[in-house]
Amino acid sequence: MSLKLLVLGLLMEGEKHPYEVQQQVKARGMDCYMKYAKGSLYYAFDQLEKSGMIEVKEVIRETGRPDKKMYGITPKGEEQFQQLLLEELQKPMQLTNPIYAALTFASYGDPQKMDEALEINIQEVRRLAELLESIQEEKRERLSWGARAILMGAIEHLHAEMRWMERIRKEAWGR
């Protein structure tokens, strides 16, 4: 997901400060599938404002604190949001996985140590799947349709990943 789409999408919900966007990303678990540097979020706000897609709607002044700019989306930003949304929906899934690089050279590794490393990875993937399943169950009624679809897809991918890694362990190292 592009950072522009993220910012514009969250501003479609209402005015926000960049820090509030950062907190929303974390609270909604979007940080599980979208990585960005904190500074890049403020840079994205700056670039979107310069291009006329968002604008400062209010400046909140508090004694002893820096001014807090609340941003809102402009009509131009709403058009850009719609375009970015469709572009992202049309993108094919990217088949990247850190394990692929390691598997390329697995014939040179210590089978026992690789098996142990893969087991650690399986346990972490299982933990993440269980976490997402608990979020899906506990917050089902409060989640938007899109958030439910993301959780469903992520959980299915994680279970497939576990099955694949177990198969690697079985076929490659006879477990």
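## Salt bridge between α6 and α7

E119 and R169 form a salt bridge in which the closest N and O atoms are 2.4 Å apart. E119 belongs to helix α6 (residues 111–138) and R169 to helix α7 (residues 145–173), so this pair ties together parts that are 50 residues apart in sequence. The model described here is predicted.

The two partners fall in separate accessibility classes. R169 has a relative accessibility of 6% and counts as buried, because the limit for that class is under 20%. E119 has a relative accessible area of 22% and is partly exposed.

## R169 and the surrounding network

R169 also meets the side chain of E166 in a salt bridge, at 3.7 Å from N to O. R169 and E166 are 3 residues apart in helix α7, which means that about one helical turn separates them. E166 counts as partly exposed, at 32% relative accessibility.

These contacts belong to a network of salt bridges that links D115, E119, E166 and R169. For the model, the count of salt bridges comes to 12.

## Salt bridge between K16 and E13

Another of the salt bridges joins K16 to E13, with the closest N and O atoms 3.9 Å apart. K16 is buried, at a relative accessible area of 6%, whereas E13 is partly exposed, at 47% relative accessibility.

K16 also appears among the contacts of L11. Leaving aside neighbours within four places in sequence, L11 is in contact with K16, F45, I54, Y71, G72 and I73.

## Nonpolar cores

The largest nonpolar core has 21 residues, and the members that touch the most others are L6, V7, L8, L11, F45 and I54. Two or more residues of this core come from each of α1 (3–12), α2 (18–27), α3 (38–50), β2 (68–73) and α4 (75–90). The element that gives the most to this core is α1, with 7 residues.

A second core, separate from the largest one, consists of 13 residues. Its members include V125, A129, L143 and M162.

## Summary of the main features

In the α6 and α7 region, R169 is the buried residue that pairs with E119 and with E166. Elsewhere, K16 is a buried residue that forms a salt bridge with E13 and is in contact with L11. L11 is itself one of the residues that touch the most other members of the largest nonpolar core.

Methods:
Residues numbered from 1 in each chain as written. Predicted model: local features only at pLDDT ≥ 70, side-chain atom pairs only at ≥ 80, totals over all residues. Heavy atoms only, no water. Core = buried A, V, L, I, M, F, W, Y, C linked by side-chain atoms within 4.5 Å. Buried < 20%, exposed > 50% of the residue type's maximum accessible area, 1.4 Å probe, protein only. Helix = DSSP H or I, 4+ residues; strand = E, 2+ residues; numbered from the N terminus. Contact = heavy atoms within 4.5 Å. Salt bridge = Lys/Arg side-chain N within 4 Å of Asp/Glu carboxyl O.
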